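Here are my notes on this model, point by point. Please read them with the structure open.

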Amino acid sequence: MSGGQVDRLWMKSFAGAAFLMLVIMAALFGSAMTFRYWQAWVYCVVFLGAVLLVTVHFLRKNPQLVQRRISVGPISERRRRQKVLQALASALFVGIYVVSGLDRRFGWSRVPVEAALFGDALVAVGFAIVFLVFRENSHASATIEVSAGQRVISTGPYRHVRHPMYAGALLLLAATPVALGSLFTVPLVLPFLCVLVLRLRDEERMLCLELPGYAEYCREVRFRLIPRVY
């Protein structure tokens with residue numbers, strides 16, 4: 001990539017991170033109707049800090065990976081099924097923050113301070129798993145596709161589950177309600193999990209058809225998301 005392309009990529013990456021945080025903060029503080037929500041502030045610091053650390057690292061080490069991750073969401077998907085699934089996932093993602101904020105506003109549930117901080121730690125662990133996936137697989141696109149030169153990855157976190165990036169994302173999202181002090185929001189993680197499973201199963205069907213060696217890899221690594229569970 002040329003110097004100008006890299007500079008534009010840095011700008012687009014930080015603009016994307018800023019937009020994501022604005023959406024999260026608007027959902028949280030808008031529904032809570034207050035800025036006196038310490039769990040949300042701690043969570044946003046952890047979330048944004050992790051996003052920036054991962055983004056800066058790969059902008060320096062592997063800008064092509066970041067380029068593949070820039071276009072996200074239902075509009076960027078090429079296949080209709082994935083557009084629908086991504087739209088549902090996006091709605092559930094925002095919904096978790098909105099309901100957590102409403103819980104803060106109306107006091108539907110309580111989470112001990114220690115549990116909320118442990119939730120933040122799990123969010124960080126989820127990001128760490130995603131980081132390891134990106135380091136192992138430079139073809140980890142934000143959309144479902146097979147790119148030129150892509151090969152089956154079976155090392156690193158891919159030795160344990162076939163979709164470790166989704167596993168890391170699921171962990172950080174499952175920990176989010178607790179980190180935000182809302183037990184009331186925890187059930188919303190279940191429909192998100194269902195959408196995630198539908199997405200990865202559809203992705204696997206495509207990869208078995210279009211990526212040489214992927215069917216054999218599926219036979220070697222039995223579990224999709226959680227070792228010895230699923």
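1. The core. The largest nonpolar core holds 57 residues. Within this core, I24, L28, F47, Y97, F134 and L225 touch the most other members. Keep in mind that this is a predicted model.

2. Who builds the core. Several helices each give two or more residues to this core: α1 (3-32), α2 (38-61), α3 (63-70), α4 (80-106), α5 (113-136), α6 (164-179), α7 (189-210) and α8 (214-220). The largest share comes from α2, with nine residues.

3. Y97 up close. What does Y97 contact, leaving aside its neighbours within four places in sequence? The partners are I24, A27, L28, S31, Y43, F47, T176 and L180. Three of these names, I24, L28 and F47, are also listed with Y97 among the core members that touch the most others.

4. Cysteines. How many disulfides does a search of the whole structure find? The search finds zero. C208 is in no disulfide; the nearest cysteine sulfur belongs to C218 and is 4.4 Å away. A disulfide needs the two sulfur atoms within 2.5 Å, so this pair does not count as one. The reverse check agrees: for C218, the nearest cysteine sulfur is that of C208, again at 4.4 Å.

5. Cysteine exposure. Are C208 and C218 buried or partly exposed? C208 counts as partly exposed because its relative accessibility is 37%. C218 has 16% relative accessibility, so C218 counts as buried. The cut-off for buried is under 20%.

6. α4 against α7. The axes of these two helices come within 10 Å and cross at roughly 155 degrees. That angle is why α4 counts as roughly antiparallel to α7. The crossing of α4 past α7 is left-handed. On the α4 side, the residues that meet α7 are R81, Q82, L85, Q86, L88, A89, L92 and I96. On the α7 side, they are V189, P191, F192, V195, L198, R199, D202, E203 and R205.

7. α6 against α7. Here the axes come within 11 Å, and the crossing angle is roughly 170 degrees. So α6 is also roughly antiparallel to α7. From α6, the contact uses Y166, L170, L173, A174 and P177. From α7, it uses V189, F192, L193, L196, R199, L200 and E203.

8. α7 between two partners. Put the two contact lists next to each other. V189, F192, R199 and E203 of α7 appear in the contact with α4 and in the contact with α6. α7 also gives two or more residues to the core, as do α4 and α6.

Key: Residues numbered from 1 in each chain as written. Predicted model: local features only at pLDDT ≥ 70, side-chain atom pairs only at ≥ 80, totals over all residues. Heavy atoms only, no water. Core = buried A, V, L, I, M, F, W, Y, C linked by side-chain atoms within 4.5 Å. Buried < 20%, exposed > 50% of the residue type's maximum accessible area, 1.4 Å probe, protein only. Helix = DSSP H or I, 4+ residues; strand = E, 2+ residues; numbered from the N terminus. Contact = heavy atoms within 4.5 Å. Axes fitted to C-alpha atoms, helices over the stretch in contact; angles between N-to-C directions. Parallel < 35°, antiparallel > 145°, perpendicular 65-115°, else oblique. Left-handed = near helix turned anticlockwise from the far one by under 90°.
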